[in-house]
Amino acid sequence: MRRSRRFWLFVLFATAQVGPLLGQMPFYTDDPDVTDRGKWHFEFFNEHDGLQSSQYPDLRQNTANFKLNYGLPHALEWDVDFPYLSIYRATEAQSASGIGDTDLGLKWNFRKSPRPFSPALAASLYIEFPTGDTHKQLSSGLRDYWLNCIAQEPFSDKTRLTLNVGFLFAGNTSTGVVGVQTTRGHVYTGGLSLLHDFSPRLALGAEIYGGIGDTDGLGKDQLQGLGGGSYTIRNGFSFAFALLGGKYEASPRIGGQVGFAVDFPDVLRRPP
């Protein structure tokens, strides 16, 4: 009960502090939009993080993440993603690299936003399979079941606020050595982001994101902030960038992210 109250205090604190939004790259907070029916959406990002001192001998982690979505009927979206991880350690320990755990997910956008101050709503369910090497800390070794609820409030056609509240029924949120690493109990997650379109091509925003495990132990709390945006280079192709930093062992101390997103077949068509 005490940890549950801490989580809701975190969400309220986030709401008062930032007013974040968005969902897709480079943000961890997901938005309610889904890929159009019959279309493909591909994302790649590379994030390099400096780890907390309590993670020693782990010093840095690089995450190259690949994600593929497909639009299904009835405002549903299918998702698969997996990371390639590189963990850099002090000289007395051996560094490691390889494929991490694989996620399969389904998202449902069950309410569109018809006008400003009318929130869009969605929910997603993810199952993560332990496809990485646990001995190298590239995998949690657990099968994760994660339900995420999404609400997005558009203040105008250019500015919107997004809130995520999630619950991990089993497993943990770790990717390599970053994330909540408790192996028993449940994990409560939350994210809040704010996005503004400064032009038809450029969007910038900020977010705060975190998680709390309901069991005692190291790596059970995560709280981090991120600022970044995306730039549309052409129809169906965009570039994303971000800087981030966090507190507690489960968050990176500081990091940077770059990536791109491609929509098929839109990227193959000539703009009008």
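1. Helices (H or I, at least four residues) and strands (E, at least two) are DSSP runs, numbered from the N terminus. On that basis glutamine 52 belongs to the loop that runs between E1 and strand E2 (58–72). The model discussed here is predicted.

2. Overall make-up. The protein contains 1 helix and 13 strands. Along the sequence the order is α-β-β-β-β-β-β-β-β-β-β-β-β-β. Of the 272 residues in the protein, 49% are buried. Among contacts between residues at least 6 apart in sequence, 58% link residues at least 24 apart.

3. Glutamine 52. The relative accessibility of glutamine 52 is 14%, so this loop residue counts as buried. Its side chain comes to 3.5 Å from the backbone oxygen of tyrosine 248. With residues up to four places away in sequence left out, glutamine 52 touches Gly246, Lys247, Tyr248, Glu249, Ser251, Pro252 and Arg253.

4. The loop between E1 and E2 also holds proline 57. Tyrosine 56 and proline 57 are joined by a cis peptide bond, with omega at about 15°. A cis bond also leads from phenylalanine 264 to proline 265, and there omega is near 10°. Proline 265 is in the segment that follows E13. As background, most peptide bonds are trans, and most residues other than glycine have a negative phi.

5. Positive phi values. Alanine 75, in the loop between E2 and strand E3 (76–89), has a positive phi, near 60°. Its relative accessible area is 25%, so alanine 75 is partly exposed. Phenylalanine 117 likewise has a phi near 60°, again positive in a residue other than glycine. That residue sits in the loop between strand E5 (102–111) and strand E6 (120–129). Phenylalanine 117 is exposed because its relative accessible area, 60%, is over the 50% cut-off.

6. Glutamate 43. This residue is part of strand E1 and is buried, with a relative accessible area of 6%. Its side chain makes a polar contact of 2.9 Å with the side chain of histidine 41. Beyond residues up to four places away in sequence, glutamate 43 touches Gln24, Met25, Asn65, Phe66, Lys67, Phe260 and Ala261. Glutamate 43 and phenylalanine 237 are 194 residues apart along the chain, with 9.9 Å between their C-alpha atoms.

7. Aromatic pairs. There are 12 aromatic pairs in total. One of them is formed by phenylalanine 44 and phenylalanine 260, with ring centres 5.9 Å apart and planes at 40°, a tilted arrangement. Phenylalanine 44 is in strand E1 (residues 40–50) and phenylalanine 260 in strand E13 (residues 254–264), so this pair ties together parts of the chain separated by 216 residues in sequence. Phenylalanine 44 counts as buried at 19% relative accessibility, whereas phenylalanine 260 is partly exposed at 27%. The values fall on either side of the 20% cut-off, which is why the two labels differ.

8. A second pair joins phenylalanine 167 and phenylalanine 169. Their ring centres are 4.9 Å apart and their planes are at 90°, so the arrangement is edge-to-face. Both residues are partly exposed: phenylalanine 167 has a relative accessible area of 23%, and phenylalanine 169 has 41% relative accessibility.

9. Aromatic cluster. Phe42, Phe44, Phe66, Phe82, Phe237 and Phe260 make up one aromatic cluster. Two of the members, Phe66 and Phe260, are also touched by glutamate 43.

10. Largest pocket. Its volume is about 940 Å³. The lining has 34 residues, and those closest to the pocket centre are Gln24, Asp33, His41, Ser238 and Asp263. At least two lining residues come from each of E1, strand E9 (187–197), strand E10 (202–213), strand E11 (221–234), strand E12 (237–247) and E13. His41 is also the polar-contact partner of glutamate 43.

11. Nonpolar core. The largest nonpolar core has 6 residues, namely Phe27, Leu195, Ala203, Leu226, Ala242 and Leu244. In soluble globular proteins, nonpolar side chains tend to be buried together. Leaving aside neighbours within four places in sequence, alanine 242 contacts Pro26, Leu226, Gly227, Gly228, Gly255, Gly256 and Gln257.

How values were computed: Residues are numbered from 1 along each chain as its sequence is written. This is a predicted model: local features need pLDDT of at least 70, side-chain atom pairs count only at pLDDT 80 or more; totals for chains, interfaces and linings use all residues. Side-chain values use heavy atoms; hydrogens and water are left out. A nonpolar core is a set of buried Ala, Val, Leu, Ile, Met, Phe, Trp, Tyr and Cys residues joined through side-chain atoms within 4.5 Å. Buried means under 20% relative accessible area, exposed over 50%, partly exposed in between (1.4 Å probe, protein chains only). Contact means heavy atoms within 4.5 Å. Rings of Phe, Tyr and Trp (its six-membered ring) pair if their centres lie within 6.5 Å; planes under 30 degrees apart count as stacked, over 60 as edge-to-face and the rest as tilted. A polar contact is a pair of N or O atoms within 3.5 Å; within protein, one must be able to donate a hydrogen and the other to accept it, and residues adjacent in sequence count only if both atoms are side-chain atoms. On a 1 Å grid over the protein atoms alone, a cavity is a set of points where a 1.4 Å probe fits but cannot get out, and a pocket is an open set with protein on both sides within 12 Å along at least five of seven lines; lining residues have an atom within 4 Å of a point. Grid points are joined across faces, edges and corners, and a volume is the space filled by probe spheres set on the points.
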